[in-house]
Number of protein chains: 2
Amino acid sequence: MLLSGGLDSSTLLKFVGETLGVDERLALTLHYGQKHRREIACARRQAEMAGATEHQVVDVSWFAKLAAGSALTDDSVSVPDLAELTAGQRSQPPTYVPNRNMVLLSIAAAFAESRGCDAVYYGAHAQDRYGYWDCTPEFVERLNAVLALNRRRPVTVCAPFAGKSKSDIVRLGSDLGVDFGVTWSCYRGGVRPCGACPTCVERWDAFAAAGVVDPLATAG
Amino acid sequence: MLLSGGLDSSTLLKFVGETLGVDERLALTLHYGQKHRREIACARRQAEMAGATEHQVVDVSWFAKLAAGSALTDDSVSVPDLAELTAGQRSQPPTYVPNRNMVLLSIAAAFAESRGCDAVYYGAHAQDRYGYWDCTPEFVERLNAVLALNRRRPVTVCAPFAGKSKSDIVRLGSDLGVDFGVTWSCYRGGVRPCGACPTCVERWDAFAAAGVVDPLATAG
């Protein structure tokens, strides 16, 4: 499974183990040049805490140069506040990274195939759909149509949170005992969440809606 | 376009420029841990000779460890002679690398998208279909169905040699003046082509059928 170190994938890691009962969970974290690489340290801790069978962290930071122009990876493009996004930008905002999820899932599928795993899990959820075509159910469905062509060991991409809101995930993670203090969301890469970028606003709204206290919001 | 440094992609590079008339050609070569990395030096020279606008060579050799078990990348798995392949192996032979082409094409599509290119070209041909699901027209079609979901700048994967045999490509490359002496095919990674691995046999048969002399076969 793809483990970014954000709250969605950290919850997914426990969900796959405890709710779905998958014993062997191989976690894969890719450092693709994101400004918020603080999430990678969180991924390492989450993998330990959730008892992942194995955790691979791969440096693909060359990707930021090859697929330049995203606010998530390019220092010359600033991360907008959520409130600044125009209607025209919302369908594919500056924080979209060109074809990132297909790259990450293809690598994860290769890893899975070579280890004899049937499935790749990733934490896309319903609230990501507005801006990210590569977080939609159609994307997962079509990607699986490609992978189904494999003649020996087809791998299936599974997004069990596709129908859930972020607040559903907070509630689920809270029930599963995920330590949200060891997750990272803010895209700006500071030492504290900025509170205004799209993912900060979405995270804070989700905790509020779930009635759960975000340890990161109260830490300082 | 993906440029491996083999004869198919080296011909494709010239074909796209001279026959299709594409002026701006960005070439991408990925070192994924293949034993026959001698092809990468060929790719560099082919990009120069064909006047590619730009050539990026990216080291993704960690991929060989992550997606272990292929004869192309794993020292513990030997490259079989073509004659040794059993009928059961032929549909997905030991030289298949788990999900490699989806990984390479996803990265190429990200590169293309960020540079404003509409298409990614790759050199899959009809003779690869027997053993590699990720060289088939169905694979390209389904991959394009995924990429078509992009809301701003969908990239299309094009495989103009999909209906050609390898000997067709040799003939075409010969007509276009491709220097086949600066291409590499043998999977075994020696300093001379072994003459017995699947790609050596296929290459030699293709030159023979095309009535073209392979400079690598006569060099020593």
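How many residues does helix 5 of chain B have, and how far does it reach from its first C-alpha to its last? The model before you is predicted. In it, helix 5 of chain B runs over residues 100–115, which makes 16 residues. Its reach is 23 Å, close to the 22 Å expected at 1.5 Å a residue. Of these 16 residues, 15 are buried, so the helix is largely enclosed by the rest of the structure. Just after the helix, B:Gly116 takes a positive phi of about 75°.

I turn now to the contact between the chains. Chain A and chain B take part with 33 residues each. On the side of chain B that touches chain A, at least two residues come from each of strand 2 (54–59), helix 3 (62–66), helix 5 and helix 6 (137–147). Helix 5 of chain B gives the largest share, ten residues. By class, this side of chain B has 18 nonpolar, nine polar and six charged residues.

How are the two copies related? A turn of 180° with a shift of 0.0 Å along the axis lays chain B on chain A, with an RMSD of 0.0 Å. The copies are thus related as by a two-fold rotation axis. In chain B, the C-alpha nearest that axis belongs to B:Val103, 3.0 Å away. The same surface serves both copies, as 100% of the contact residues of chain B recur in chain A.

Finally, the nonpolar core. The largest one has 128 residues, and those with the most contacts inside it include A:Ala108 and B:Ala108. Beyond its neighbours within four places in sequence, A:Ala108 is in contact with A:Leu2, A:Leu28 and A:Val120.

Note on methods:
Residues numbered from 1 in each chain as written. Chains lettered and ligands numbered in written order. Predicted model: local features only at pLDDT ≥ 70, side-chain atom pairs only at ≥ 80, totals over all residues. Helix = DSSP H or I, 4+ residues; strand = E, 2+ residues; numbered from the N terminus. Expected span 1.5 Å × (residues − 1). Buried ≥ 20, exposed ≤ 12 C-beta atoms within 10 Å, placed from the backbone. Core = buried A, V, L, I, M, F, W, Y, C linked by C-beta atoms within 7 Å. Contact = placed C-beta atoms within 7 Å. Nonpolar A, V, L, I, M, F, W, Y, C, P; charged D, E, K, R; others polar. Least-squares fit on C-alpha atoms with pLDDT ≥ 70 in both.
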